[in-house]
Amino acid sequence: MQKTAPVSIFLMIGALILGMAIFAREIGLDPSPGWGKGRIALLIFGLAIALIPWIIRRQSAAPDKSTHTDLFMFPALLIVIGIYFWFTSVSHDLTSRYYSLLATSFRNGELSLPLKPDPALLELPNPYDPAARQGVRVPQDLSLYKGKFYLYWGPAPALLLAIAGPFLPDKIDEVYFLFVSICGIFLSQFLLIMHLWQRFFQAIPKGIVILSVVFAGLANPALWLLCQPKLYETAIAGAQFFFISGLASAIFALDRKPVSNWGLILAGTLWALAVGTRLVMVFPVVFMTLMVIYWIFKTNRPSLPKIVSRLIPLGLPLFMGAVSLSWYNWARFGSILETGFTYQLAGPYLQKHLDELFLPGYIFQNLYNYLFNPFTIKPSFPFLYPARGITREILPWQTLPPLYIAQAITGFLCAVPFTVFASIPVVRSVKQFFRKNQAKDSSEESGVISLPWITTSLIGSFAFPFLSLLAFFWAAMRYAEDFMPALLLLSIIGFWQGYQILGTTSGKGKIYVTLGVLLAMLSIVTGTFLALSIYSTNGLL
């Protein structure tokens with residue numbers, strides 16, 4: 001089997017860090033004109049990361065001539081990251097800095113935000129009623145409890161900022177963490193795509209692989225989030241970054257013999273950070289933890305010591321994360337389950353409708369909005385504009401609560417038509433599950449990971465966040481990032497499976513490949529134009 005040495009990922013990460021060091025003043029990271037210790041440290045760290053592949057190669061006693069590099073992918077990575085940077089630079093002034101404020105509080109031994117509520121707000125008999133707050137200055141979407149402001153989003157990003165404080169400016173805007181998170185999601189997808197290509201799909205041409213990587217990076221809603229770098233978008237992208245990178249770490253750890261304990265530690269840590277950033281990620285994290293436990297049991301039975309030695313590296317970071325988050329909630333609100341959502345100062349009067357936030361009655365309405373809600377076409381650039389989600393009942397016998405809200409949203413079958421290929425691995429997985437007398441997976445005997453296991457993991461990583469959003473009272477484009485990275489990977493696997501089955505020699509195969517390429521390119525263009533539409537409408541969609 002031909003091996004592909006990972007070079008592009010080190011070059012890309014090194015280039016990103018070097019760019020942050022060199023242009024720190026221009027992008028607002030460091031207002032001082034000189035080079036401080038933080039910028040010098042970043043410069044040295046970036047150079048070290050970029051040089052890692054060559055250092056390893058020089059230290060190798062006998063380089064394997066059958067091993068090739070993935071440098072052919074570097075231009076694609078550079079283009080996608082460059083597009084991310086442009087969108088980030090344009091939307092720089094639209095951001096907030098709540099994570100930075102919370103990091104400052106952490107360094108000072110506080111859990112509340114260093115913001116003083118307006119005395120007029122504290123004098124209100126019920127400050128959570130939006131009607132009662134008319135005329136009072138109130139930060140949007142913070143939690144008010146016992147005269148202090150709190151974040152109801154998870155604290156993990158602020159904790160990381162607090163730890164890295166000596167090397168960073170005093171205040172870091174959300175836009176930078178969002179940019180890093182979107183880049184992290186994309187680079188994690190890239191690593192998984194390259195791993196899948198090398199392990200299971202070596203017959204796929206390089207051109208198709210390059211297109212698949214660009215598609216994963218530019219499909220909606222990644223660019224959409226970069227255009228609105230607020231706390232909502234940052235938390236969603238940050239949680240997804242931790243989750244997808246944890247998924248990649250788990251796959252790489254299990255696809256070794258013996259299993260990499262350090263890889264499992266990293267996966268558990270990243271998944272703990274995902275839940276610590278956005279609590280809804282607990283569902284896919286629990287699912288993936290069970291998937292890893294299942295694989296460890298299947299490949300190590302009946303050796304109990306081996307099973308335990310594999311479960312501890314994964315479970316310990318997750319346990320520590322759960323205990324830490326529980327303590328964080330208890331220390332603020334006196335309950336391990338209270339995140340501050342109950343005390344949120346939101347646009348709608350949430351406290352009056354707490355029993356209506358998650359209802360089965362929203363499922364069909366959200367199913368339409370997240371899958372099928374179309375975009376509109378206008379004669380002015382960028383031509384494609386998202387439409388607001390449907391809030392009137394799509395089912396004649398259904399009555400939606402008045403609380404239901406749908407912002408601008410384009411269903412992923414319209415915005416990312418390439419996702420139709422995700423049906424291929426889903427159908428194959430269902431058939432394999434119900435197939436009788438199926439032969440034992442050879443991967444179980446060899447101890448390395450199997451494609452069906454990866455496919456099932458991606459299906460669950462998509463399904464659990466998606467199903468939870470279907471029952472939520474608020475539909476919005478940004479929430480799609482909770483499930484889209486896994487769905488994009490499933491779509492790529494499905495397209496590659498169809499390519500292997502049909503090939504390009506037959507007429508059906510040529511039509512199939514042509515259709516896939518067109519849908520991938522259409523998805524890229526649609527995602528880009530939908531993001532550009534935000535600037536044409538001043539972000540009022």
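In which loop is Lys 146 found? In this predicted model, Lys 146 is found in the loop between S3 and strand S4 (148-150). The phi of Lys 146 is positive, at about 50°, although Lys 146 is not a glycine, and with a relative accessibility of 72% the residue counts as exposed, because the cut-off for exposed is over 50%.

**Backbone features**

Most residues other than glycine have a negative phi, and most peptide bonds are trans. Against that background, the loop between strand S5 (375-377) and strand S6 (384-386) deserves a look, as Pro 382 lies there and the peptide bond that joins Phe 381 to Pro 382 is cis, with omega near 10°. Phe 383 is found in the loop between S5 and S6, and Phe 383 has a positive phi near 75° while being a residue other than glycine. Phe 383 is partly exposed, its relative accessible area being 33%. Another cis peptide bond runs from Lys 257 to Pro 258, with omega near 5°, and Pro 258 has its place in the loop between helix H10 (231-254) and helix H11 (261-277).

**Aromatic contacts**

The structure has a count of 40 aromatic pairs. One of them is formed by Tyr 145 and Phe 333, which meet edge-to-face with 5.2 Å from centre to centre and 75° between the planes. This pair links distant parts of the chain, since Tyr 145 belongs to strand S3 (residues 143-145) and Phe 333 to helix H13 (residues 304-333), 188 residues apart. Tyr 145 is buried at a relative accessible area of 15%, and Phe 333 counts as buried at 7%. The rings of Phe 215 and Phe 418, with centres 4.6 Å apart and planes at 55°, make a tilted pair. That pair also links distant parts of the chain, with Phe 215 in helix H8 and Phe 418 in the loop between helix H15 (412-415) and helix H16 (423-434), 203 residues apart; both Phe 215 and Phe 418 are buried. Tyr 145 and Phe 333 further belong to one aromatic cluster together with Tyr 128, Tyr 150 and Tyr 343.

Positively charged side chains placed over ring faces are set out in the table.

| Residue over the ring | Ring | Distance from ring centre |
|---|---|---|
| Lys 378 | Tyr 385 | 4.8 Å |
| Arg 478 | Tyr 232 | 4.3 Å |

**Cavities and helix H7**

Rolling a probe the size of a water molecule over the atoms shows where empty space is left. A search of the whole structure finds 4 cavities of 30 Å³ or more, and the largest cavity has a volume of about 80 Å³. The lining of the largest cavity holds 15 residues, among which Ile 185, Gln 189, Ala 216, Ala 222 and Glu 481 lie nearest its centre. Helix H7 (174-200), helix H8 (206-218) and helix H19 (484-502) are the elements that give two or more residues to this lining, and H7 gives the most, with 4 residues. By kind, the lining of the largest cavity divides into 11 nonpolar, 3 polar and 1 charged.

The second largest cavity contains about 60 Å³ of space, and of the 13 residues that line it, Asn 220, Tyr 370, Thr 410, Phe 412 and Ala 480 are the closest to its centre. The lining of this second largest cavity divides into 10 nonpolar, 3 polar and no charged residues.

H7 itself has 27 residues and reaches 38 Å from its first C-alpha to its last, which is close to the 39 Å expected at 1.5 Å a residue. Because 23 of the 27 residues of H7 are buried, the helix is largely enclosed by the rest of the structure.

Notes. Residues numbered from 1 in each chain as written. Predicted model: local features only at pLDDT ≥ 70, side-chain atom pairs only at ≥ 80, totals over all residues. Heavy atoms only, no water. 1 Å grid on protein atoms, 1.4 Å probe; cavity = no way out; pocket = protein on both sides within 12 Å on 5 of 7 lines; lining within 4 Å. Points joined across faces, edges and corners; volume = space filled by probe spheres on them. Nonpolar A, V, L, I, M, F, W, Y, C, P; charged D, E, K, R; others polar. Phe/Tyr/Trp six-rings, centres within 6.5 Å; stacked < 30°, edge-to-face > 60°. Buried < 20%, exposed > 50% of the residue type's maximum accessible area, 1.4 Å probe, protein only. Lys NZ or Arg CZ within 6 Å of the ring centre and 35° of its normal. Expected span 1.5 Å × (residues − 1).
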